[in-house]
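Let's take a walk through a protein model, one piece at a time. Keep the structure open beside you and look up each part as it comes along.

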Amino acid sequence: MKRTFIAGLTAGLTMMANIAFAEIDPSYFQTALKDYPGWPITTTCTHSDVNVRVAPNTYCDVVEILQPGELFYIKEIIPKDNHIWCSGFTARGTKGFVSHKFLDRNSRAEIKSERFRAAFNTSRILNGSTLAAEMGIPWEYNPKKVETLKQEQFSYAPHRYKIGKSWVHGEKQPDGGFWPIGVVMLDSGYQIAGLEVGDYLSQQNLEDFSKNMSLIGWDGPYKYEDEIAWYYEDVVDRQPRPIQGFKIIAPHNTIQEIRYYNIPID
(Lines give C-alpha, C1' and ligand atoms only; values in the text may rest on other atoms or scores of the structure.)
Protein backbone atom coordinates (compact mmCIF):
# COMPACT_ATOMS: atom_id res chain seq x y z
CA MET A 1 0.00 0.00 0.00
CA LYS A 2 2.79 2.40 0.90
CA ARG A 3 4.73 1.59 -2.27
CA THR A 4 1.68 2.24 -4.45
CA PHE A 5 1.01 5.51 -2.68
CA ILE A 6 4.61 6.71 -2.99
CA ALA A 7 4.92 5.70 -6.64
CA GLY A 8 1.67 7.42 -7.61
CA LEU A 9 2.39 10.56 -5.66
CA THR A 10 5.95 10.73 -6.95
CA ALA A 11 4.79 10.61 -10.58
CA GLY A 12 2.41 13.51 -10.01
CA LEU A 13 4.95 15.55 -8.11
CA THR A 14 7.60 15.01 -10.78
CA MET A 15 5.32 16.65 -13.36
CA MET A 16 4.83 19.60 -11.00
CA ALA A 17 8.58 19.84 -10.37
CA ASN A 18 9.26 20.19 -14.10
CA ILE A 19 6.87 23.14 -14.22
CA ALA A 20 7.64 24.96 -10.98
CA PHE A 21 10.55 23.81 -8.84
CA ALA A 22 12.72 20.86 -7.89
CA GLU A 23 11.80 18.58 -5.02
CA ILE A 24 13.05 15.25 -3.77
CA ASP A 25 11.98 11.90 -5.16
CA PRO A 26 10.73 9.94 -2.10
CA SER A 27 11.18 6.52 -3.71
CA TYR A 28 14.81 7.34 -4.55
CA PHE A 29 15.51 8.46 -0.99
CA GLN A 30 13.96 5.35 0.53
CA THR A 31 16.39 3.27 -1.54
CA ALA A 32 19.40 5.55 -0.94
CA LEU A 33 18.93 5.46 2.83
CA LYS A 34 19.53 1.70 2.70
CA ASP A 35 22.92 2.13 0.98
CA TYR A 36 24.56 3.35 4.20
CA PRO A 37 22.20 2.36 7.04
CA GLY A 38 22.03 4.99 9.76
CA TRP A 39 23.73 7.65 7.65
CA PRO A 40 21.32 10.49 6.74
CA ILE A 41 21.06 12.14 3.34
CA THR A 42 21.81 15.84 2.89
CA THR A 43 19.04 17.92 1.28
CA THR A 44 18.61 21.63 0.63
CA CYS A 45 15.59 23.78 1.43
CA THR A 46 14.06 25.24 -1.75
CA HIS A 47 11.45 27.65 -0.29
CA SER A 48 11.22 30.51 2.19
CA ASP A 49 9.87 30.10 5.73
CA VAL A 50 9.61 26.30 5.68
CA ASN A 51 8.34 24.86 8.96
CA VAL A 52 10.24 22.13 10.80
CA ARG A 53 7.58 20.44 12.96
CA VAL A 54 7.69 18.24 16.05
CA ALA A 55 5.48 15.60 14.41
CA PRO A 56 4.54 14.54 10.85
CA ASN A 57 1.42 16.71 10.56
CA THR A 58 0.50 20.31 9.78
CA TYR A 59 -1.24 21.11 13.08
CA CYS A 60 1.60 20.54 15.57
CA ASP A 61 4.24 22.91 16.94
CA VAL A 62 6.99 24.41 14.78
CA VAL A 63 10.51 24.07 16.22
CA GLU A 64 12.52 25.83 13.49
CA ILE A 65 11.97 27.67 10.21
CA LEU A 66 14.22 27.03 7.20
CA GLN A 67 15.15 29.42 4.42
CA PRO A 68 16.30 28.68 0.83
CA GLY A 69 19.71 27.00 0.74
CA GLU A 70 19.68 25.79 4.33
CA LEU A 71 20.40 22.10 4.91
CA PHE A 72 18.13 19.38 6.26
CA TYR A 73 19.50 15.88 6.93
CA ILE A 74 16.94 13.15 6.20
CA LYS A 75 16.99 9.99 8.32
CA GLU A 76 13.61 8.54 7.34
CA ILE A 77 10.80 8.98 4.81
CA ILE A 78 7.30 8.81 6.35
CA PRO A 79 4.14 8.73 4.17
CA LYS A 80 1.21 9.94 6.29
CA ASP A 81 -2.19 11.59 5.73
CA ASN A 82 -1.66 12.17 1.98
CA HIS A 83 1.70 13.81 2.68
CA ILE A 84 5.26 12.57 2.53
CA TRP A 85 7.26 13.72 5.54
CA CYS A 86 11.02 13.74 5.98
CA SER A 87 12.28 13.02 9.48
CA GLY A 88 15.72 14.28 10.39
CA PHE A 89 17.82 17.17 11.66
CA THR A 90 18.53 20.76 10.63
CA ALA A 91 22.10 22.06 10.41
CA ARG A 92 21.54 23.61 13.86
CA GLY A 93 20.81 20.20 15.35
CA THR A 94 17.05 20.58 15.64
CA LYS A 95 15.17 17.31 15.24
CA GLY A 96 11.89 17.46 13.35
CA PHE A 97 9.78 16.80 10.27
CA VAL A 98 9.64 18.66 6.95
CA SER A 99 7.33 18.09 3.99
CA HIS A 100 9.28 16.56 1.08
CA LYS A 101 7.95 19.15 -1.37
CA PHE A 102 10.14 21.85 0.19
CA LEU A 103 13.42 19.92 -0.11
CA ASP A 104 15.74 19.05 -2.98
CA ARG A 105 18.64 16.62 -3.14
CA ASN A 106 21.94 18.29 -2.27
CA SER A 107 24.49 18.20 -5.10
CA ARG A 108 26.82 16.02 -2.96
CA ALA A 109 24.12 13.81 -1.44
CA GLU A 110 25.25 10.55 -3.08
CA ILE A 111 28.93 10.90 -2.15
CA LYS A 112 30.04 8.62 0.69
CA SER A 113 31.93 11.39 2.45
CA GLU A 114 28.81 13.57 2.43
CA ARG A 115 26.77 10.72 3.90
CA PHE A 116 29.37 10.36 6.66
CA ARG A 117 29.37 14.12 7.22
CA ALA A 118 25.60 14.03 7.65
CA ALA A 119 25.85 11.11 10.09
CA PHE A 120 28.61 12.76 12.12
CA ASN A 121 27.09 16.24 12.22
CA THR A 122 23.59 15.11 13.18
CA SER A 123 24.71 12.68 15.88
CA ARG A 124 26.60 15.31 17.89
CA ILE A 125 23.66 16.80 19.79
CA LEU A 126 23.95 19.62 22.32
CA ASN A 127 20.22 20.16 22.86
CA GLY A 128 19.37 18.39 26.12
CA SER A 129 15.86 17.23 25.29
CA THR A 130 16.89 15.93 21.86
CA LEU A 131 19.91 14.16 23.31
CA ALA A 132 17.78 12.47 25.98
CA ALA A 133 15.21 11.41 23.37
CA GLU A 134 17.92 9.88 21.16
CA MET A 135 19.19 7.96 24.19
CA GLY A 136 15.68 6.86 25.20
CA ILE A 137 15.95 8.60 28.58
CA PRO A 138 13.05 10.57 30.13
CA TRP A 139 14.44 13.97 31.01
CA GLU A 140 13.55 17.60 31.66
CA TYR A 141 16.00 20.45 32.19
CA ASN A 142 16.10 21.70 35.77
CA PRO A 143 18.30 24.76 36.44
CA LYS A 144 18.56 23.77 40.12
CA LYS A 145 20.40 20.57 39.17
CA VAL A 146 23.17 22.33 37.22
CA GLU A 147 26.54 21.64 38.84
CA THR A 148 29.36 24.14 39.17
CA LEU A 149 32.65 22.49 38.24
CA LYS A 150 35.82 22.94 40.24
CA GLN A 151 37.84 21.95 37.20
CA GLU A 152 36.71 22.61 33.63
CA GLN A 153 36.72 19.71 31.17
CA PHE A 154 36.16 22.13 28.29
CA SER A 155 37.23 25.76 28.01
CA TYR A 156 34.55 28.25 29.05
CA ALA A 157 32.35 25.47 30.42
CA PRO A 158 32.07 26.06 34.18
CA HIS A 159 28.81 24.12 34.58
CA ARG A 160 27.25 20.83 33.59
CA TYR A 161 23.94 18.98 33.85
CA LYS A 162 23.23 15.28 33.76
CA ILE A 163 21.35 13.15 31.23
CA GLY A 164 21.45 9.51 32.35
CA LYS A 165 25.12 8.88 33.13
CA SER A 166 26.26 11.44 30.54
CA TRP A 167 26.83 15.17 30.91
CA VAL A 168 26.20 18.32 28.90
CA HIS A 169 28.87 20.93 29.67
CA GLY A 170 28.48 24.67 29.25
CA GLU A 171 27.51 27.80 31.12
CA LYS A 172 24.36 28.49 33.09
CA GLN A 173 22.65 31.73 32.07
CA PRO A 174 21.13 34.33 34.44
CA ASP A 175 17.64 33.56 33.12
CA GLY A 176 17.99 29.88 34.07
CA GLY A 177 18.86 28.71 30.56
CA PHE A 178 22.02 26.89 29.57
CA TRP A 179 24.62 27.65 26.91
CA PRO A 180 26.07 24.25 25.84
CA ILE A 181 29.70 23.77 24.87
CA GLY A 182 30.05 20.00 24.68
CA VAL A 183 28.95 16.56 25.76
CA VAL A 184 30.70 13.84 27.73
CA MET A 185 28.93 10.64 26.69
CA LEU A 186 29.12 7.82 29.23
CA ASP A 187 25.89 6.02 28.29
CA SER A 188 25.39 3.57 25.47
CA GLY A 189 22.16 4.00 23.58
CA TYR A 190 22.83 5.84 20.36
CA GLN A 191 25.55 5.84 17.74
CA ILE A 192 27.80 8.70 16.76
CA ALA A 193 28.62 7.94 13.12
CA GLY A 194 28.97 4.24 13.95
CA LEU A 195 30.64 4.62 17.36
CA GLU A 196 28.95 3.85 20.66
CA VAL A 197 30.02 3.67 24.29
CA GLY A 198 30.73 0.05 25.18
CA ASP A 199 31.75 -0.98 21.64
CA TYR A 200 35.06 -2.66 20.86
CA LEU A 201 37.22 -0.35 18.75
CA SER A 202 39.27 -2.50 16.39
CA GLN A 203 42.24 -1.12 14.52
CA GLN A 204 40.32 -1.46 11.25
CA ASN A 205 37.32 0.43 12.64
CA LEU A 206 39.60 3.18 13.88
CA GLU A 207 41.35 3.44 10.50
CA ASP A 208 38.01 3.57 8.64
CA PHE A 209 36.63 6.22 11.00
CA SER A 210 39.81 8.30 10.74
CA LYS A 211 39.72 8.13 6.95
CA ASN A 212 36.12 9.35 6.92
CA MET A 213 36.98 12.15 9.36
CA SER A 214 39.80 13.24 7.08
CA LEU A 215 37.45 13.30 4.09
CA ILE A 216 35.18 15.81 5.85
CA GLY A 217 38.08 18.05 6.89
CA TRP A 218 38.94 16.93 10.43
CA ASP A 219 42.58 16.61 11.55
CA GLY A 220 43.73 13.53 13.44
CA PRO A 221 43.86 11.11 14.98
CA TYR A 222 45.99 12.45 17.83
CA LYS A 223 46.73 9.71 20.36
CA TYR A 224 47.71 10.04 24.00
CA GLU A 225 47.56 6.90 26.12
CA ASP A 226 43.89 5.80 25.95
CA GLU A 227 42.66 9.01 24.27
CA ILE A 228 42.14 9.45 20.53
CA ALA A 229 41.19 12.95 19.31
CA TRP A 230 40.30 14.84 16.13
CA TYR A 231 39.98 18.60 15.59
CA TYR A 232 38.23 20.75 13.03
CA GLU A 233 39.90 24.04 12.09
CA ASP A 234 38.70 27.31 10.63
CA VAL A 235 40.37 30.63 9.92
CA VAL A 236 39.97 33.07 12.83
CA ASP A 237 41.68 36.47 12.65
CA ARG A 238 43.45 35.24 9.52
CA GLN A 239 44.96 32.33 11.42
CA PRO A 240 43.84 28.66 11.31
CA ARG A 241 42.70 27.41 14.70
CA PRO A 242 40.61 24.52 16.07
CA ILE A 243 36.95 25.39 16.59
CA GLN A 244 35.56 21.89 17.30
CA GLY A 245 36.88 18.76 18.97
CA PHE A 246 35.96 15.08 19.11
CA LYS A 247 37.55 12.54 21.43
CA ILE A 248 37.26 8.85 22.24
CA ILE A 249 38.48 7.35 25.51
CA ALA A 250 39.10 3.66 24.80
CA PRO A 251 41.17 1.72 27.36
CA HIS A 252 41.90 -1.83 26.15
CA ASN A 253 40.23 -0.84 22.81
CA THR A 254 36.78 -0.60 24.41
CA ILE A 255 35.01 2.77 24.08
CA GLN A 256 34.48 4.03 27.62
CA GLU A 257 33.70 7.66 26.86
CA ILE A 258 32.96 9.89 23.88
CA ARG A 259 33.40 13.65 24.01
CA TYR A 260 32.42 16.25 21.45
CA TYR A 261 32.65 19.98 21.96
CA ASN A 262 32.88 23.44 20.47
CA ILE A 263 35.97 25.58 21.17
CA PRO A 264 34.76 29.15 21.75
CA ILE A 265 36.50 32.01 19.96
CA ASP A 266 38.01 34.61 22.29
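## Before we start

Keep in mind that this is a predicted model. We'll visit a covered strand, some cysteines, a pair of hairpins, two packed helices and a threonine.

## A strand under cover

Let's begin with strand β1, which spans residues 41-45. How many of its residues are buried? Five of five, so to speak a full house: the strand is mostly covered. In a regular strand, side chains alternate between the two faces of the sheet. Here, I41, T43 and C45 point one way, while T42 and T44 point the other way. Whichever way they point, all of these residues are buried.

Which strands does β1 pair with? One partner is β4 (residues 71-80), joined to β1 in the antiparallel sense by four bridges. The other pairing listed here is with β7 (residues 103-105), again antiparallel, through three bridges. T44 is a handy residue to look up, as it takes part in both pairings: its bridge partner in β4 is L71, and in β7 it stands opposite D104.

## Cysteines without a bond

How many disulfides turn up in the whole structure? The search finds zero. Take C45, back in β1: why is it not bonded to another cysteine? The closest cysteine sulfur belongs to C86 and lies 11 Å away, which is too far for a bond, because a disulfide needs two sulfurs within 2.5 Å. C60 is in no disulfide either, and its nearest cysteine sulfur, also that of C86, is 14 Å away.

Are these two cysteines buried or exposed? C45 has a relative accessibility of 3%, so it counts as buried. C60 comes in at 17% and is buried as well, because the cut-off for buried is under 20%.

## Two hairpins in a row

Now jump to strands β12 (residues 218-224) and β13 (residues 227-236), which run antiparallel and share five bridges. One of the pairs to look for is W218 with its bridge partner Y232 in β13. These strands make a hairpin with two residues between them, and E225 there takes a positive phi near 55°.

β13 then pairs with β14 (residues 239-249), also antiparallel, through 10 bridges. A229 has K247 in β14 as its bridge partner. Here too there is a hairpin with two residues between the strands, and D237 in the turn has a positive phi of about 55°.

## Helices that cross

Two packed helices are described by the angle between their axes and the distance between the axes. For helix α3 (residues 112-123) and helix α5 (residues 203-215), the angle is about 100° and the axes are 9 Å apart. That makes α3 and α5 roughly perpendicular to each other, because angles from 65 to 115 degrees count that way.

Which residues meet? From α3 come K112, S113, F116, R117 and F120, and from α5 come F209, N212, M213 and L215. Sorted by class, this contact has five nonpolar, two polar and two charged residues.

## A threonine in a helix

Our last stop is T130, which sits in helix α4 (residues 128-135). With a relative accessible area of 11%, T130 is buried. What does T130 touch, leaving aside its neighbours within four places in sequence? Its contacts are F89, K95 and I125.

Technical notes. Residues are numbered from 1 along each chain as its sequence is written. This is a predicted model: local features need pLDDT of at least 70, side-chain atom pairs count only at pLDDT 80 or more; totals for chains, interfaces and linings use all residues. Side-chain values use heavy atoms; hydrogens and water are left out. Buried means under 20% relative accessible area, exposed over 50%, partly exposed in between (1.4 Å probe, protein chains only). Two strands pair if DSSP finds at least two bridges between them. Axes are lines fitted to C-alpha atoms, for helices over the stretch in contact, and angles run from 0 to 180 degrees between N-to-C directions. Angles under 35 degrees count as roughly parallel, over 145 as roughly antiparallel, 65 to 115 as roughly perpendicular and the rest as oblique. Contact means heavy atoms within 4.5 Å. Ala, Val, Leu, Ile, Met, Phe, Trp, Tyr, Cys and Pro count as nonpolar, Asp, Glu, Lys and Arg as charged, and the others, Gly among them, as polar.
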